[in-house]
Amino acid sequence: MALHIAVEVVRDSRNSLTTQIQEFIKREISEGILQPGTRLPSSRRLAGDLDVSRSVVVEAYGQLVAEGYLEAAQGAGTRVVGHLEAEPAAPALLDEGQVPRVRWDLRPGGGNTPAFPRREWLRCYQRVLQETDSVHHGYPPPAGDPALRYELACYLGRLRGLRTSPDHLMVVAGFAQTLSLVCEVLPRLGIDELAIEDPGHPGQRQFVRESGVRAVPVRVDGQGIDVEALAASGARAVLVAPAHQFPTGVTLSPERREALARWARDVDGWVIEDDYDGGLWYERSPRPLALQRMMPGRVVYAGTASKTLSPGLRLGWLAAPRPMLDELLRARARHDLGTETLTQLAFAELLRTGLFDRHLRRLNALGRRRRDALDEAVFRYLPGAVVLGRGAGLHAYVRLPRHTDEGALVAGALRRSVLVRGAAAFHAWPRRDAPALVVGHAHLPCSGVAEAIRAMGVRSDADALLP
Ligand SMILES: Cc1ncc(COP(=O)(O)O)c(C=O)c1O
């Protein structure tokens with residue numbers, strides 16, 4: 001491997017060349033400039049680059065190995081010692097700081113990464129690389145590549161019933177960027193409060209607050225967001241996940257949809273529709289269509305590839321009526337210069353060829369099996385608990401019997417190496433409804449779901465925690 005390293009040596013120094021190389025590399029390691037595990041060039045190459053005899057470098061490397069700064073392995077070259085441990089991935093917009101290492105991590109927020117359609121993605125990416133002309137190697141259009149916007153308009157109309165067109169779409173870096181743009185634009189429209197669902201996504205709550213917009217929690221019940229409470233809050237914009245509320249999984253009832261549309265008209269307001277797990281649906285009846293179709297002039301609809309492909313792609317999209325889209329595009333121009341082109345085109349190709357639909361069918365069959373496994377495991381190991389929000393998603397809301405000590409259950413699970421969140425963490429105000437667990441299962445096989453729930457060992461502690 002023809003590696004390079006920038007080593008400074010001075011020829012007329014009183015120190016020998018060996019000492020200088022040795023001291024230089026030692027200093028770079030100590031100051032953290034050379035990272036643990038960094039591979040160094042061979043002694044022959046470094047000697048050639050520095051125009052010194054090879055024995056000078058061999059001696060310097062030898063000394064650094066002896067002092068424990070470098071390690072040399074047969075066939076693997078010379079490296080800086082020590083390897084950084086891979087950091088656990090933090091679910092988007094959730095969980096900061098220390099995360100304990102556990103056998104079962106049931107936090108929600110991860111993607112369905114094991115099911116990523118590698119072969120199909122590779123095929124599409126390869127075709128794009130072979131066929132893309134040089135135009136696509138310039139800066140992308142700020143709203144996104146026209147090919148992807150066209151495919152998205154077709155897909156969203158077909159699958160989510162959206163009333164939109166390529167001209168009303170913007171490709172973004174996931175829902176996080178949509179939220180960030182919305183929080184930037186709302187105050188420009190004279191709106192500095194955003195109502196959010198309670199319980200809801202704690203990361204989103206914090207994100208909204210930190211962006212300078214006041215987050216106003218509005219309670220969610222069995223029919224979805226309480227529109228009367230929303231009206232009483234005085235807010236003129238609301239963030240909702242109507243198809244599959246996060247974290248309860250409640251679907252906004254038809255009556256509440258109507259009420260929300262009336263509210264938006266009455267207050268001349270905006271609805272931000274988070275369709276974060278659009279494309280996933282495990283029931284026989286169809287997934288409720290997007291709220292956007294009822295009032296396209298008042299909704300910013302937001303989708304993401306995080307749940308159906310991978311959060312690592314940082315790929316999402318939004319649909320908005322024209323004056324709002326222009327504001328969002330202006331805000332976008334202050335953030336970045338668009339979304340990376342090849343990813344956009346590969347996704348467009350995945351949509352165009354029908355491979356994405358096929359992937360969704362597989363994903364839904366898998367999700368359905370995992371959901372059934374979760375149902376069964378909860379029935380067996382969490383007596384009296386009920387799984388809610390079963391229709392979609394990569395997590396479930398497991399409501400516990402009323403007098404369960406949620407905190408004790410979560411702490412007990414952690415002692416058994418199961419990291420699971422209690423519902424309290426998702427509420428803005430002290431809890432009003434029954435205790436619950438929010439169980440993310442995206443990354444687990446069906447057998448893992450049952451194992452993880454069993455590992456909580458609740459049945460053996462049942463007398464203490466559950467009736
Ligand atoms: C409620 C909710 N909305 C949106 C997202 C997706 O965010 P992004 O597209 O930025 O990955 C998530 C992911 O965890 C989520 O839980």
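R399 stands opposite A436, a residue of strand β17. I begin with this pair, and I should say at once that the model before us is predicted.

The strand β17 covers residues 436–440, and five bridges join it to strand β14. The two strands, β14 and β17, run antiparallel. Strand β14 itself comprises residues 395–399. Is this strand mostly covered or mostly uncovered? Strand β14 is mostly covered, for four of its five residues are buried.

Strand β14 also pairs with β13, which spans residues 386–388. Here three bridges join the strands, and they too run antiparallel. Within this pairing, V387 stands opposite V398 of β14. The strands β13 and β14 form a hairpin with six residues between them, and in that hairpin G389 takes a positive phi near 65 degrees.

Let us turn to the ligand. How many residues surround it? There are 13, and the closest are F175, D274, T304, S306 and R314. By character, the shell divides into four nonpolar, six polar and three charged residues. Which helix gives the most to this shell? That is helix α6, residues 174–188, with three residues.

Some polar contacts may be examined individually. In the side chain of T304, an N or O atom is 2.6 Å from an oxygen atom of the ligand. For R314, a polar side-chain atom lies 2.8 Å from a ligand oxygen atom. Q204 has a polar side-chain atom 3.1 Å from a nitrogen atom of the ligand. Taken alone, the ligand exposes 400 Å², and the protein buries 99% of that area.

How values were computed: Residues are numbered from 1 along each chain as its sequence is written. This is a predicted model: local features need pLDDT of at least 70, side-chain atom pairs count only at pLDDT 80 or more; totals for chains, interfaces and linings use all residues. Side-chain values use heavy atoms; hydrogens and water are left out. Buried means under 20% relative accessible area, exposed over 50%, partly exposed in between (1.4 Å probe, protein chains only). Two strands pair if DSSP finds at least two bridges between them. A residue is near a molecule or strand if one of its heavy atoms lies within 4 Å of it. A polar contact is a pair of N or O atoms within 3.5 Å; within protein, one must be able to donate a hydrogen and the other to accept it, and residues adjacent in sequence count only if both atoms are side-chain atoms. Accessible areas come from the Shrake-Rupley method with a 1.4 Å probe; for residues, only the protein chains shown count as cover. Ala, Val, Leu, Ile, Met, Phe, Trp, Tyr, Cys and Pro count as nonpolar, Asp, Glu, Lys and Arg as charged, and the others, Gly among them, as polar.
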